[in-house]
Every structure is written in C-alpha cells, then in structure tokens.
Amino acid sequence: RGRHRWPHAALEWKLAFFTTATRNDITFVASEIQGRAYFRNIGRTRRAGIEAEVTLATRSVRASLDYAW
C-alpha cells in the first residue's frame, strides 16, 4: 500500500497476492434441463491471484481502478 499527496490531489495504491487451498468445495453445475442447475461437491481446489487498486482523488472528483486476476 502507498499514498502520495499533492496540494490539490491524492494518489493511493494497493497490491495484494493471494493463494487459497480448500477441500470438499462446492461448485455450481448446469443441468441438462435448460434453465436448471445444481450444486455438486468437488475434491480439492486451489485459487491464486493478484488484486490491484489505484485511486486518484481531487477536491471534486474521485476515480478508482480495481483489477483482480
């Protein structure tokens, strides 16, 4: 995380890396019947990624950009 300030604006940023491992996870599965679906247990899953955020703010405007992969 970080922040830089000017007299009339401020810039903030955040960056995070993550990884998660689970057992007996639940997933959403589409059914063969159109418009129907159900949940099913799956074995192990692993999720890993990155999240980034940048925000620029002035006295009258605030703009933010977020990204997760």
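Q: Helices (H or I, at least four residues) and strands (E, at least two) are DSSP runs numbered from the N terminus. In which strand does Thr55 lie?

A: Thr55 belongs to strand β3. The model is predicted, so local features need pLDDT of at least 70 and side-chain atom pairs count only at pLDDT 80 or more, while totals for chains, interfaces and linings use all residues. Residues are numbered from 1 along each chain as its sequence is written, and side-chain values use heavy atoms, with hydrogens and water left out.

Q: Is Thr55 buried or exposed?

A: The term buried means under 20% relative accessible area, exposed means over 50%, and partly exposed lies in between (1.4 Å probe, protein chains only). Thr55 has a relative accessible area of 3%, and therefore it is buried. Val54 also lies in β3, which spans residues 37–58. Val54 counts as partly exposed because its relative accessibility is 38%.

Q: Which residues are in contact with Thr55, leaving aside its neighbours within four places in sequence?

A: Contact means heavy atoms within 4.5 Å. With those neighbours set aside, Thr55 is in contact with Ala10, Leu11, Glu12, Arg62, Ala63 and Ser64. The side chain of Thr55 is also joined to that of Glu53 by a polar contact of 3.4 Å. A polar contact is a pair of N or O atoms within 3.5 Å; within protein, one must be able to donate a hydrogen and the other to accept it, and residues adjacent in sequence count only if both atoms are side-chain atoms.

Q: In what sense do β3 and β4 pair?

A: Two strands pair if DSSP finds at least two bridges between them. β3 and β4 do so in the antiparallel sense, over 7 bridges. One bridge can be followed at Ala52, whose partner in β4 is Tyr67. The two strands form a hairpin with 3 residues between them. In the loop between β3 and β4 (62–68) one finds Ser60, which counts as exposed because its relative accessibility is 70%. Ser60 is 51 residues from Ala9 in sequence, whereas their C-alpha atoms are 9.6 Å apart in space.

Q: How many residues of β4 are buried?

A: Strand β4 is hardly covered: of its 7 residues, the count of buried ones is 0. Asp66 has its place in this strand. Asp66 touches Ala52 and Glu53, if residues up to four places away in sequence are not counted. From Asp66 to Thr55 there are 11 residues in sequence and 8.6 Å in space, C-alpha to C-alpha.

Q: How many bridges join strand β1 to strand β2?

A: Strand β1 (residues 2–5) runs antiparallel to strand β2 (residues 9–30), and 4 bridges join them. A hairpin connects β1 to β2 through 3 residues. Arg3 stands opposite Glu12 in β2.

Q: How many salt bridges does the structure hold?

A: A salt bridge is a side-chain nitrogen of Lys or Arg within 4 Å of a carboxyl oxygen of Asp or Glu. The structure holds 2 salt bridges. In one, the side chains of Arg3 and Glu12 meet at 3.3 Å, N to O. Glu12 has a relative accessible area of 26%, so it is partly exposed. Another salt bridge is formed by Asp25 with Arg47, with the closest N and O atoms 2.9 Å apart. This pair links distant parts of the chain, 22 residues apart: Asp25 in strand β2 and Arg47 in strand β3.

Q: Which of the terms buried, exposed or partly exposed applies to Asp25?

A: Asp25 is buried because its relative accessible area is 16%. For Arg47 the value is 42%, so Arg47 is partly exposed.
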